[in-house]
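I opened this model to take notes on its fold, its surface and its aromatic rings. My entries follow in the order in which I looked things up.

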Amino acid sequence: MSMAVVGLLAGMALGFAGYFGGFGAFVLVAALGAIGFVAGRFLDGGLEAGDFFRTRSDGRDERRR
């Protein structure tokens, strides 16, 4: 299934939740979709647990001095 079809289905689910359930249902569906996306990426191996806890080392502190 292409990413365009997945995006279409996600948009339709959010639209139905917003229309029939109100804003609270819209936020709940969006949050659960995001959690499911992260869990799927983690189980596929495209995401590692260390990615959430790794600090950025882009040299910001050195540039301030």
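**Notebook: surface, helix, rings**

I began with the surface of this predicted model, and I noted that the chain exposes about 5,700 Å², of which carbon and sulfur atoms supply 66%. I then looked up burial and found that buried residues make up 2% of the 65 residues in the chain.

For the secondary structure, I recorded two helices and zero strands. I looked up helix α1, which covers residues 3-44, and saw that its end C-alpha atoms are only 16 Å apart, although a straight helix of its 42 residues would reach 62 Å. Where does α1 bend? I found a bend of about 145° at Gly 21, and I also noted that Gly 45, just after α1, takes a positive phi of about 95°.

Next I looked for nonpolar surface and found a patch of about 1,200 Å², whose members include Met 1, Leu 8, Phe 16, Tyr 19 and Phe 20. Among these, Phe 16, Tyr 19 and Phe 20 form one aromatic cluster.

I then turned to the aromatic pairs, of which the structure holds three. One of them joins Tyr 19 and Phe 20 edge-to-face, with 4.9 Å centre to centre and 85° between the planes. I checked Tyr 19, which counts as exposed because its relative accessibility is 66%. The rings of Phe 23 and Phe 26 have centres 6.2 Å apart and planes at 25°, so I entered this pair as stacked. Phe 23 and Phe 26 are three residues apart in helix α1, and are therefore separated by about one helical turn. Last, I noted that Phe 26 is partly exposed, with a relative accessible area of 33%, whereas Phe 23 is exposed at 66%.

Technical notes:
Residues are numbered from 1 along each chain as its sequence is written. This is a predicted model: local features need pLDDT of at least 70, side-chain atom pairs count only at pLDDT 80 or more; totals for chains, interfaces and linings use all residues. Side-chain values use heavy atoms; hydrogens and water are left out. Helices (H or I, at least four residues) and strands (E, at least two) are DSSP runs, numbered from the N terminus. The expected span of a helix is 1.5 Å times one less than its number of residues. The bend at a residue is the angle between axes fitted to the seven residues ending there and the seven starting there. Patches are made of residues with over 30% relative accessible area and no salt bridge: like charges are joined within 9 Å, nonpolar side chains (Val, Leu, Ile, Met, Phe, Trp, Tyr) within 5 Å. Accessible areas come from the Shrake-Rupley method with a 1.4 Å probe; for residues, only the protein chains shown count as cover. A salt bridge is a side-chain nitrogen of Lys or Arg within 4 Å of a carboxyl oxygen of Asp or Glu. Buried means under 20% relative accessible area, exposed over 50%, partly exposed in between (1.4 Å probe, protein chains only). Rings of Phe, Tyr and Trp (its six-membered ring) pair if their centres lie within 6.5 Å; planes under 30 degrees apart count as stacked, over 60 as edge-to-face and the rest as tilted.
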